[in-house]
Amino acid sequence: MISERVSPGNATLAAKVTAASRAADRWAQPPSQVGRPLSGAELLSITDPLFPRMLRSIEDPPPHLYVRGSLGHPCDESSLAIVGSRDATAEGIRVAEAVAGHVASLGHTIVSGLAAGIDAAAHRGALATNCRTIAVIGTGVDRIYPAANAALRDRIAERGAVISQFELGQPPSKTTFPARNVLIAGLTRASLLVELTERSGTRIEATIAQEQGKPVLLWEPLLGHLPWARSYAAESLVHFVDSAASVVQALEATVAAT
């Protein structure tokens, strides 16, 4: 975990994307109008007992979250991020669903961003085993992007939670998605990158996870042949995995070490 504030000269990626979003987007804050409808969502302050404990300790955490569903489940303390390309292959989708289902069935919450492709597949995999998943979204919780994932969002809210640091009505933007990646990394013990390109936005989440001292797992069957992935795997906290069992082993080792 990052335990100190950073100066402008050595700002982390998390600090940069958070600052950009705070300047451009509408972050959640207490409603100014008494009785304002929350679209089925609850507004949590960082001081609320249900506010995710791990988020409290990240650099510049959001002071408020909108939540549809429930937080505070014991499984959330050993959660795994599964992220990747929106333009995923059929094999990438299959892997994300299968690994998410296996990991979730062992008592770990699956966290992702409700995007098309790998994210949605990870959520579906957890739900298929009647287990818990959390979606961190880059819009207000009363909006959905992409629109095709509206039904999936509602299922996630029933089995876990849909959360956002953004105000109701906030549309997607080039700054909201990197900022929500800070929360995905902050909520989880490790991140699994299933399928992505070298310049994918998923790398933002992975880099932030590294900044927070958390493992980044690369799915070797889909990424091991790529020169950039082999180079990336040489970095601190990054390594290849090739089975659901190896993902669980890495995740549980991280949990045991904390």
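Before you start clicking, one cut-off: a residue counts as buried under 20% relative accessible area and as exposed over 50%. Also keep in mind that this is a predicted model.

**Colour by confidence.** The protein averages a pLDDT of 93, and 93% of the residues score at least 70. Now look at residues 1-8: the pLDDT there is below 50, and beyond near neighbours in sequence this stretch has 16 contacts in the model.

**Select residues 13-24.** This is helix α1, with 12 residues. At 1.5 Å a residue they should span 16 Å, and the end C-alpha atoms are 17 Å apart, which agrees. Show the side chains of A14, V17, T18 and S21, the buried residues of α1. They sit on the same side of the helix, because they cover an arc of only 100° around the axis. The spacing helps explain the pattern: an α-helix has 3.6 residues a turn, so residues three or four places apart point the same way. Now spin the view to the other side of α1, where K16, A23 and A24 are exposed.

What covers the buried residues of α1? Add residues 176-187 and 202-211 to your selection: α6 and α7 are among the elements that do so.

**Switch to the sheet.** Hide the helices for a moment and trace 9 strands in an open sheet, in the order β1-β2-β6-β5-β4-β3-β7-β8-β9, with mixed pairing. Pick out β1 (42-45) and β9 (238-241) at the edges; each has a single partner strand, so one side of each is left without a neighbour in the sheet. Neighbouring strands are turned by 30° against each other on average, direction ignored.

Zoom in on β3 (residues 80-83) and β7 (residues 190-193), which pair in the parallel sense over 4 bridges. Click V83 and you'll find its bridge partner in β7, L193.

**Bring the helices back.** α6 packs on the sheet, touching β2 (64-69), β3, β4 (110-112), β5 (133-136) and β6 (161-164). The direction of α6 makes about 155° with that of β5. α7 packs on the sheet too, and here the strands touched are β3, β7, β8 (216-219) and β9. Compare directions again: α7 makes about 150° with β7.

**Last stop: R180.** You'll find R180 in helix α6. Is this arginine buried or exposed? R180 is buried, because its relative accessible area is 4%, against the cut-off of 20%. Leaving aside neighbours within four places in sequence, show what R180 is in contact with: R86, G113, A115, D119, V136, I137, G138 and Q165.

Notes:
Residues are numbered from 1 along each chain as its sequence is written. This is a predicted model: local features need pLDDT of at least 70, side-chain atom pairs count only at pLDDT 80 or more; totals for chains, interfaces and linings use all residues. Side-chain values use heavy atoms; hydrogens and water are left out. pLDDT is the predictor's confidence in each residue, from 0 to 100. Contact means heavy atoms within 4.5 Å. Helices (H or I, at least four residues) and strands (E, at least two) are DSSP runs, numbered from the N terminus. The expected span of a helix is 1.5 Å times one less than its number of residues. Buried means under 20% relative accessible area, exposed over 50%, partly exposed in between (1.4 Å probe, protein chains only). The arc is that of the directions from the helix axis to the C-beta atoms. Two strands pair if DSSP finds at least two bridges between them. Axes are lines fitted to C-alpha atoms, for helices over the stretch in contact, and angles run from 0 to 180 degrees between N-to-C directions.
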